[in-house]
Amino acid sequence: YDLEAAQERLDKQRRAANKQAKNAYRGVLSSVGQVNALKAAVRSSESALEASEAGFEVGTRTMVEVLTEQRNLYGAKRNYAKARYDYIVNSLSLKQAAGMLQREDLELVNRWLTAATNPAPDSSRN
């Protein structure tokens, strides 16, 4: 009976690992699509803001419209950043589920996050 119980536990763990890997894989695929779409949304919002600012300068747009476009741009950037974060988390989850997660993977993510929060100094200011 102990052998059967151990085999059942082993099967249960295999099914759980399989499910985790499939979910992580789907998450990575979904994240890739979201990142690409939201990157395009950021570019579109930047263009819309530039158009509103130009329209404001010539008098065809109001400051409220410019501020609305700025709000839209920051929302698009927030969503884009979240999608990139989700991609990183899903990628790490997939590697973990596949048993391939290594210290170097975490160090790479740490470098990405450090570079994102501490951008290189702007040399044009000097």
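Let's start at a charged side chain: Arg-14 is exposed in this predicted model, with a relative accessible area of 53%. Its partner is Asp-11, and the two form a salt bridge whose closest N and O atoms are 3.9 Å apart. Asp-11 is partly exposed, at 31% relative accessibility. Both residues sit in helix 1, three residues apart, so about one helical turn separates them.

**How far to trust the model**

The chain has a mean pLDDT of 89, and 91% of its residues reach 70 or more. The stretch to treat separately is residues 120-126, where the pLDDT is below 50 and where the model shows zero contacts beyond near neighbours in sequence.

**The salt bridges**

In general, side chains of opposite charge can pair when their charged atoms come close. The structure holds four salt bridges, and the table sets out three pairs, including the one we began with.

| Acidic residue | Basic residue | Closest N and O atoms |
|---|---|---|
| Asp-11 | Arg-14 | 3.9 Å |
| Asp-86 | Lys-82 | 3.0 Å |
| Asp-105 | Lys-95 | 2.9 Å |

The pair formed by Asp-86 and Lys-82 lies within helix 2, where the two residues are four apart, about one turn of the helix. Asp-86 itself is partly exposed, with a relative accessible area of 22%.

What does the salt bridge between Asp-105 and Lys-95 tie together? Asp-105 belongs to helix 3 and Lys-95 to helix 2, so this pair links parts that are 10 residues apart in sequence.

**A closer look at Asp-105**

Helix 3 covers residues 103-117, and Asp-105 is found in it. Is Asp-105 buried or exposed? Asp-105 counts as buried because its relative accessibility is 15%, and the cut-off for buried is under 20%. Its partner Lys-95, by contrast, is partly exposed, with a relative accessible area of 33%.

Leaving out residues up to four places away in sequence, Asp-105 touches Leu-92, Lys-95 and Met-100. The side chain of Asp-105 also reaches the backbone nitrogen of Gln-102, at 2.9 Å. If you would like a sense of scale, Asp-105 and Gly-75 are 30 residues apart in sequence, and their C-alpha atoms are 29 Å apart in space.

**The two helices before it**

Helix 1 takes in residues 2-58, which makes 57 residues. From its first C-alpha to its last it reaches 82 Å, close to the 84 Å expected at 1.5 Å a residue. Helix 2 has 36 residues and reaches 52 Å between its end C-alpha atoms, close to the expected 52 Å.

A glycine with a positive phi comes after each of these helices: Gly-59 just after helix 1, at about 95 degrees, and Gly-99 after helix 2, near 75 degrees.

Which residues of helix 1 are buried? They are Ala-24, Gly-27, Val-28, Ser-31, Val-35, Val-42, Ser-45, Leu-49, Ser-52 and Gly-55. Helix 2, residues 63-98, is included in what covers them. On the helix 2 side, the buried residues include Val-66, Glu-69, Leu-73, Gly-75 and Asn-90.

Ser-31 is a good place to see the two helices meet. This serine lies in helix 1 and counts as buried, at 2% relative accessibility. Setting aside neighbours within four places in sequence, Ser-31 is in contact with Ala-83, Asp-86, Tyr-87 and Asn-90. Asp-86 will be familiar as the salt-bridge partner of Lys-82.

**The nonpolar core**

In soluble globular proteins, nonpolar side chains tend to be buried together. Here, the largest nonpolar core has eight residues: Val-35, Val-42, Leu-49, Val-66, Leu-73, Ala-76, Tyr-80 and Ala-83. Helix 1 and helix 2 each supply at least two residues of this core, and the largest share, five residues, comes from helix 2.

One of the core residues, Val-66, makes a handy viewing point. Not counting residues up to four places away in sequence, Val-66 touches Leu-49, Ser-52, Glu-53 and Phe-56. Of these contacts, Leu-49 is also listed in the core, while Ser-52 is listed among the buried residues of helix 1.

Methods: Residues numbered from 1 in each chain as written. Predicted model: local features only at pLDDT ≥ 70, side-chain atom pairs only at ≥ 80, totals over all residues. Heavy atoms only, no water. Expected span 1.5 Å × (residues − 1). Buried < 20%, exposed > 50% of the residue type's maximum accessible area, 1.4 Å probe, protein only. Contact = heavy atoms within 4.5 Å. Core = buried A, V, L, I, M, F, W, Y, C linked by side-chain atoms within 4.5 Å. Polar contact = N/O pair within 3.5 Å; in protein donor to acceptor, adjacent residues only side chain to side chain. Salt bridge = Lys/Arg side-chain N within 4 Å of Asp/Glu carboxyl O. pLDDT = per-residue confidence, 0-100.
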